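Subject: Structure handover

Hello,

Here is the structure for your work. Please open it first, then read the notes below.

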Amino acid sequence: AKFRQLVRCFTLDFTASSTAELTGISVRSVNTIYLKIRQRLAESCEQNSPLQGAVEVDESYFGAHRVRGKRGRGAYGKTIVFGLLKRHGKVYTEIVPDCSRATLQGIIRGRVEPDTVIHSDGWRGYDGLVDIGFDKHFRVHHGENEFANGDRHINGIESFWSYAKRRLAKFNGIPKHTFYLHLKETEFRFNHRTVNMYLEILKLLRNKPL
């Protein structure tokens, strides 16, 4: 009963200290269990099937505000995250070392079906998608103040970035070594936003206990 109460607190996105107060479990123990739950959620996210249909791709930068004097795409000292979102469906995120064509297209090839319609911005990292088998690639050019042109837009993935940053900001800084797990938890929450997440997590933990 105590464990179910803790899982319910996790589902409601309570902090470890709030959960400790409510359950009578020490903050240290709550943090340990929360971390293990996040690991299960991350494993579940990594097992998702390749995306198909209409998919939006984009990259975003997480971390402290821009360091003075450092400009350009990306940002000095930030963590770069690449995301793919099936319209009206699930999102997949991956931490990447850079936004080069090789890096981004390598992930797209591994996570997206070839007959998918891909929507992106004008970043050069997406040049050549047609050459590697993705015949339907549409762009919006943000640099030219174009943010939507009919069905051509990446509003869905940009909404996810906004949700992720708002949610992660409440932790007042996340250590680099646990950022991946927090990111995947955010991905899992987004992907299960229309179902009872408490029951989903219990089912996950029944199939693979902590």
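On the surface, L12, F14 and L22 make up a nonpolar patch. Together they have about 280 Å² of accessible area. Bear in mind that this is a predicted model.

Start with one patch member. L12 sits in the loop between α1 (2–11) and α2 (16–23). Its relative accessibility is 52%, and exposed means over 50%, so L12 counts as exposed.

Now take T11. This residue belongs to helix α1. Is T11 buried or exposed? T11 has 16% relative accessibility; the cut-off for buried is under 20%, so T11 is buried. What does T11 touch, leaving aside residues up to four places away in sequence? The contacts are R189, M197, Y198 and I201.

Next, a pocket. The second largest one has a volume of about 300 Å³. Its lining has 13 residues. Of these, A16, N31, R38, F171 and H182 are the closest to the pocket's centre.

Which helices each supply at least two residues of that lining? They are α3 (27–46) and α6 (176–191). The largest share comes from α3, with four residues.

To recap, for when you set up your session:

- Patch: L12, F14 and L22, nonpolar, on the surface.
- T11: in α1, buried at 16% relative accessibility.
- Second largest pocket: about 300 Å³, with α3 giving the largest share of the lining.

Best wishes

Terms used
Residues are numbered from 1 along each chain as its sequence is written. This is a predicted model: local features need pLDDT of at least 70, side-chain atom pairs count only at pLDDT 80 or more; totals for chains, interfaces and linings use all residues. Side-chain values use heavy atoms; hydrogens and water are left out. Patches are made of residues with over 30% relative accessible area and no salt bridge: like charges are joined within 9 Å, nonpolar side chains (Val, Leu, Ile, Met, Phe, Trp, Tyr) within 5 Å. Accessible areas come from the Shrake-Rupley method with a 1.4 Å probe; for residues, only the protein chains shown count as cover. A salt bridge is a side-chain nitrogen of Lys or Arg within 4 Å of a carboxyl oxygen of Asp or Glu. Buried means under 20% relative accessible area, exposed over 50%, partly exposed in between (1.4 Å probe, protein chains only). Contact means heavy atoms within 4.5 Å. On a 1 Å grid over the protein atoms alone, a cavity is a set of points where a 1.4 Å probe fits but cannot get out, and a pocket is an open set with protein on both sides within 12 Å along at least five of seven lines; lining residues have an atom within 4 Å of a point. Grid points are joined across faces, edges and corners, and a volume is the space filled by probe spheres set on the points.
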